[in-house]
Amino acid sequence: MRKKLICQAIILAGILAACGTNNKSAKVDESNVSVESSVASSDGREATDMKVVKKNVTSSKEETSTQESTTEATTAPVTTAAETSTEAKKESEKQETSKPEQETSKKSEEATKAKEAGEIGFDPNWEYASFSKIHSGSAVLYKPSEKGNGITIAVNAGHGTKGGSSQKTLCHPDGSAKVTSGTTKAGATTAVAVSEGMTFEDGTPESTVTYEMAKVLKAELLSRGYNVLMIRDGSDVQLDNIARTVIANNNAAAHIALHWDSTTSNKGAFYMGVPEVDSYRSMEPVASNWKKHEALGKSLINGLSANGTKIFSKGRMEMDLTQTSYSTIPSIDIELGDKKSDHGKDTLKNLSKGIADGIDSYFGR
Ligand SMILES: [Zn+2]
């Protein structure tokens with residue numbers, strides 16, 4: 001018995017020592033988390049309506065689990081041992097008083113949720129990842145507080161990557177030339193990694209408006225049960241267009257990039273369609289996915305149109321985009337207006353409903 005106690009003491013001391021090191025790194029993580037949550041709470045509506053689960057899961061998985069178990073107070077016996085004696089006491093009291101089966105499963109469900117949600121960094125092993133030049137940033141995954149539908153939508157606030165135009169990336173993964181002219185002319189094989197975007201006539205940068213739009217759309221989608229992967233969850237994210245696309249490819253069911261066009265006629269909304277050029281449509285991953293891009297684009301325009309949004313022409317303009325050229329999931333660049341368009345709160349709210357209606361219809365919901 002005595003031997004056993006000594007053994008336990010030694011083990012406990014070992015765990016405490018190990019925990020000490022972990023706590024140091026956990027502190028670093030916590031500072032990140034608090035910065036993020038202050039960003040999230042700056043929008044009052046999100047803070048009240050949604051339970052935003054954010055944790056830094058990109059660093060070390062071990063560190064994160066330590067952090068989670070200390071805050072969530074649920075799982076492993078190691079946690080109890082790693083706590084200080086008072087905390088351990090609290091922990092055991094909690095376990096004694098809590099109703100067994102149901103409570104525990106509910107709690108562990110929450111813990112799983114928390115583990116799944118959080119920052120999603122760039123994985124260099126992903127397909128096409130090696131084509132990206134800027135990828136030190138992370139996307140952030142949000143989940144609805146109520147039971148969700150399990151579908152993750154990547155919401156990509158266009159632009160907002162400092163230094164993004166000083167780097168160039170391949171337009172197509174096979175190195176072939178661009179087939180349409182846009183910001184980059186047809187025939188070019190490289191384009192800026194991610195451009196600065198335009199400035200509205202009222203002086204607001206496009207990247208500011210796309211981020212505002214992304215936040216409003218996030219709230220709308222969460223309320224409809226979708227998970228939302230915010231590709232840019234702040235004024236800047238160090239992810240180029242390829243990195244944004246590859247992160248969406250590997251973590252979402254659809255990718256919606258939000259933009260406003262650089263014309264000055266308030267011409268209305270449209271999506272960037274897949275160019276009707278054989279060589280382009282037969283190149284992978286375009287060949288396997290272009291029909292899905294087109295279907296998603298049409299759904300979004302239908303949703304917006306039904307909601308009273310002005311639509312440009314037939315709601316479609318052909319464009320050979322980096323996003324489309326590297327997308328392996330249904331993926332659309334939607335232009336919600338131009339430099340002259342209103343981008344006030346009510347307009348963004350209405351646009352978000354139209355886009356969400358389009359997403360619902362695409363997923364048959
Ligand atoms: Zn744009």
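## A mixed sheet and its backbone oddities

Strands β1 and β2 (residues 138-142) are antiparallel partners, joined over four bridges. Within that pair, G118 has L141 of β2 as its bridge partner. Keep in mind as you look around that this is a predicted model.

These two strands begin an open sheet of eight, ordered β1-β2-β6-β3-β7-β10-β8-β9, in which the pairing is mixed. At its edges are β1 (118-121) and β9, each of which pairs on one side only. Direction ignored, neighbouring strands of the sheet are turned by 25° against each other on average.

Now for the other end of that order. Strand β8 (residues 269-273) has five of its five residues buried, so the rest of the structure largely encloses it. What are the partners of β8? With β9 (residues 311-318), β8 pairs in the parallel sense over four bridges, and with β10 (residues 331-338) in the antiparallel sense over two bridges. Y271 is a handy residue to click on here: Y271 stands opposite R316 in β9, and its bridge partner in β10 is I334.

Two helices lie across strands of this sheet. Helix α7 (residues 206-223) crosses β2, β3 (152-157), β6 (227-230), β7 (254-261) and β10, and runs at about 160° to β3. Helix α10 (residues 286-306) lies across β7, β8, β9 and β10, running at about 180° to β8.

A few backbone details deserve a look. Most residues other than glycine have a negative phi, and most peptide bonds are trans. Two residues here have a positive phi without being glycine, as the table shows.

| Residue | Phi | Location | Other C-beta atoms within 10 Å |
|---|---|---|---|
| H159 | near 70° | loop between β3 and β4 (168-170) | 26 |
| S313 | about 50° | strand β9 | 9 |

Is each of these residues buried or exposed? H159 is buried, because 26 other C-beta atoms reach the cut-off of 20 or more. S313 is exposed, because its 9 fall within the limit of 12 or fewer.

The peptide bond from E284 to P285 is cis, with omega near 5°. P285 sits in the loop between α9 (278-281) and α10.

Finally, a word on confidence. The chain has a mean pLDDT of 78, and 68% of its residues reach 70 or more. For residues 1-7 the pLDDT stays under 50, and the model shows zero contacts there beyond four places in sequence. Residues 9-116 also have a pLDDT below 50, yet this stretch has 87 contacts in the model beyond near neighbours in sequence.

How values were computed: Residues numbered from 1 in each chain as written. Predicted model: local features only at pLDDT ≥ 70, side-chain atom pairs only at ≥ 80, totals over all residues. Pairing = 2+ DSSP bridges. Axes fitted to C-alpha atoms, helices over the stretch in contact; angles between N-to-C directions. Contact = placed C-beta atoms within 7 Å. pLDDT = per-residue confidence, 0-100.
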